[in-house]
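Visitor: I would like to learn how to read strands, pairings and cores in a model such as this one. Please take me through it feature by feature.

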Amino acid sequence: LTPGTIGTAQSICYNTIPSALTQLTSPTGGTGTYTYQWQSSPDNSIWTSIAGATAAGYAPAALSTSTYYRRQVTSGTCGTINSTSILITVYGNLTAGTIGTAQSICYNTIPAALTELTGATGGPGGYTYQWQSSPDNSVWTSIVGATAAGYAPAALSASTYYRRQVTSGGCG
């Protein structure tokens with residue numbers, strides 16, 4: 001009795017649904033009739049059977065932690081065998097970090113640069129930035145060329161809000 005093979009390892013964003021785990025090769029041997037039970041594990045050591053997951057393939061729900069999966073194959077009285085496990089890696093929850101503090105300045109003067117106080121975290125890494133400004137904290141406009149971790153505004157003649165968008169891979 002051999003278990004066949006199941007889907008391949010994946011890396012996904014926090015709280016998203018991974019691709020379905022499919023049968024790549026069928027089980028062989030035994031009686032020729034097979035039943036299945038999918039299992040999950042946080043550490044590739046302690047396994048828990050997934051209720052109702054008894055098909056040849058399995059579609060996991062959204063994940064917020066990295067999880068291993070395997071498929072048990074049973075063939076009559078010939079026993080039960082486990083497939084090789086696969087890992088679905090979940091990137092940390094993407095957070096934007098924090099930027100400089102509020103300021104009060106005189107008319108038509110240059111404010112202090114807006115700096116990164118804490119860095120972005122989560123996602124696959126490789127962060128890109130886009131600074132935006134708003135006159136009312138409601139309608140936002142991207143600032144052309146403002147794509148660094150920090151931003152130095154020009155002289156201001158009106159009160160202005162600033163924020164920084166952070167992107168990490170396909171994680172938003």
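Visitor: In which strand is the place of Q72?
Guide: This is a predicted model, and in it Q72 lies in strand β6.

Visitor: Which side chain makes a polar contact with the side chain of Q72?
Guide: The partner is the side chain of N82, at 3.2 Å.

Visitor: And which residues is Q72 in contact with, leaving aside neighbours within four places in sequence?
Guide: They are T35, Y36, Q37, Q39, T80, I81 and N82.

Visitor: How many bridges join β4 to strand β6?
Guide: There are 7 bridges between β4 and β6 (residues 67-74), and the two strands run antiparallel. To fix the register, take one pair: S40 is opposite Y69 of β6.

Visitor: What does β4 do with β5?
Guide: β4 pairs with strand β5 (residues 48-49) through 2 bridges, again in the antiparallel sense. Here Q39 has S49 of β5 as its bridge partner. The two strands form a hairpin with 6 residues between them, and N44 in the turn has a positive phi of about 65°.

Visitor: How many residues of strand β4 are buried?
Guide: A general idea comes before the count. In a regular strand, side chains point alternately to one face of the sheet and the other. As for β4 (residues 35-41), this strand is mostly covered, with 6 of its 7 residues buried.

Visitor: Which residues make up the largest nonpolar core?
Guide: The criterion here is buried nonpolar residues joined through side-chain atoms within 4.5 Å. The largest such core has 12 residues: I6, I12, L21, W38, I50, A53, Y58, L63, Y69, I86, I88 and V90. Strand β8 (residues 86-90) supplies the largest share of this core, 3 residues.

Visitor: What does I86 touch, not counting residues up to four places away in sequence?
Guide: I86 touches I6, G7, T8, A9, L21, T67, Y68 and Y69. A second core of 7 residues is separate from the largest one, and W131, I143, Y151 and L156 are among its members.

Visitor: What is the order of the open sheet of 3 strands?
Guide: The order is β14-β13-β15, with antiparallel pairing. To find the edges, look for strands that pair on one side only: these are β14 (141-142) and β15 (161-168).

Visitor: How many bridges join strand β13 to β14?
Guide: β13 (residues 127-134) is joined to β14 by 2 bridges, and these strands run antiparallel. For the register, Q132 is opposite S142 in β14.

Key: Residues are numbered from 1 along each chain as its sequence is written. This is a predicted model: local features need pLDDT of at least 70, side-chain atom pairs count only at pLDDT 80 or more; totals for chains, interfaces and linings use all residues. Side-chain values use heavy atoms; hydrogens and water are left out. Two strands pair if DSSP finds at least two bridges between them. Helices (H or I, at least four residues) and strands (E, at least two) are DSSP runs, numbered from the N terminus. Buried means under 20% relative accessible area, exposed over 50%, partly exposed in between (1.4 Å probe, protein chains only). Contact means heavy atoms within 4.5 Å. A polar contact is a pair of N or O atoms within 3.5 Å; within protein, one must be able to donate a hydrogen and the other to accept it, and residues adjacent in sequence count only if both atoms are side-chain atoms.
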